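Got a minute to poke around a fold together? Here's the model to look at.

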Amino acid sequence: MTRVVMLEDYLDYAKQIPSVQALAARADLHIHTTKASSEAETVARTREADIVVTIRDRVIYTESLLAQLGHLSLLSVCGTRLSHIDLAAATRYGVLICAPSAAEQGSHTKAATAEQTWNLIMGLMKDTVMNDRAMREGKWQTQPSRGLVGKTLGLLGLGAIGQQVAQIANAMRMRVIAWSPNLTPERAPAHGAEYATFEHIFTDSDIVSLHAPMLPENRDMVGEAELSLMPRHAILINTARAGLVNENALRQALERGTIAGAGFDVYWEEPLPGDHWLRRQANVLIQPHLGGFTDEGYESLITPAIDNVMAFLDGTPVNLVNPEVLG
């Protein structure tokens, strides 16, 4: 029987999805729910696998790793990102890569990420965690919260997720400004925003929210210089990728009170280590990278990858990234 390995389902949720259950009835399916501690552990999990289903970019498929997976015929990706796979090496080793199109992936994960953005904004602006804790300690009102009407939301990135965040901000009668390399003053209003320069996103915003892709040129795009431009009452939100923010600069800004706070759903190392400084920082609201992982979002992420596996098992592979492997 074909051996299929799924990596890494931290929520231990995939087994509830009908498409995964159908695959389990057809193949020898093994689902790993914890992060491998090393490449050697990943090899141990996948050495005998004919097919690997990989959830987003939780595992990095280097040439070194791929070279040790002699049985592997197909790597099916959950999601559309491929930056975590050495495609040239996979092709050399005869490993087919398949990934769903953006249309097949659906919109659930993007909508859920926009919702998570607002979860962080509201939690920080309304002191949700602090007030809940105070109530449980027998206290009552401790300090006023902050309103949103008339505040300025600055978006770095105005793609599918940024646009949904902007729509909600408009409903709350906020001013929305946005910047991205390809955005123009003419195009921004169609998505509910005013165009702003990169610098003005930081100087003019009460809330800065990041929605840019993790491209090499975007690494550390928010560093000490950018954080120093923000008003002291402003907050930073990141539901995109941790690498967009320089970690040391953020820590200093939070500890020194350069900015009022930050909300994060993405981290420089995931899962976030138990002793990480963010877990002890008072003026942050942190979530365990659950942005796209609602019930609907998780199923819409996993199912297209499973469908690709089923097509491969039927002898009609689809959505191939490197079809040259087939000759």
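What follows is a short Q and A on this predicted model.

Q: Which residues does the UniProt domain annotation cover, and how far apart are the end C-alpha atoms of that stretch?
A: The unreviewed UniProt entry annotates a "D-isomer specific 2-hydroxyacid dehydrogenase catalytic" domain over residues 23–322. Over that stretch the chain is 35% helix and 15% strand. Its end C-alpha atoms are apart by 23 Å.

Q: Are the residues of strand S11 (residues 261–264) buried or exposed?
A: In a regular strand, side chains alternate between the two faces of the sheet. Here Gly261 and Gly263 point one way, while Ala262 and Phe264 point the other way. Whichever way they point, all of them are buried.

Q: Which residue stands opposite Phe264 of S11?
A: S11 has parallel partners: four bridges join it to strand S10 (residues 235–238), and three join it to strand S12 (residues 284–286). On the S10 side, Ile235 stands opposite Gly261. On the S12 side, the residue opposite Phe264 is Ile286.

Q: What handedness does the β-α-β unit of S10, H11 and S11 have?
A: S10 and S11 run parallel. Together with helix H11 (residues 247–256), they make a β-α-β unit that is right-handed.

Q: Which element gives the most to the largest nonpolar core?
A: That core has 31 residues, and Leu156, Val222, Leu236 and Leu250 touch the most other members. Elements giving two or more residues include strand S7 (175–179), helix H9 (198–204) and S11. The top contributor, with four residues, is H11.

Conventions. Residues are numbered from 1 along each chain as its sequence is written. This is a predicted model: local features need pLDDT of at least 70, side-chain atom pairs count only at pLDDT 80 or more; totals for chains, interfaces and linings use all residues. Side-chain values use heavy atoms; hydrogens and water are left out. UniProt positions are given in the numbering used here, feature names are shortened, and annotations may be inferred rather than shown by experiment. Buried means under 20% relative accessible area, exposed over 50%, partly exposed in between (1.4 Å probe, protein chains only). Two strands pair if DSSP finds at least two bridges between them. A crossover is right-handed if, with the strands pointing away from the viewer, the path from the first strand over the helix to the second runs clockwise. A nonpolar core is a set of buried Ala, Val, Leu, Ile, Met, Phe, Trp, Tyr and Cys residues joined through side-chain atoms within 4.5 Å.
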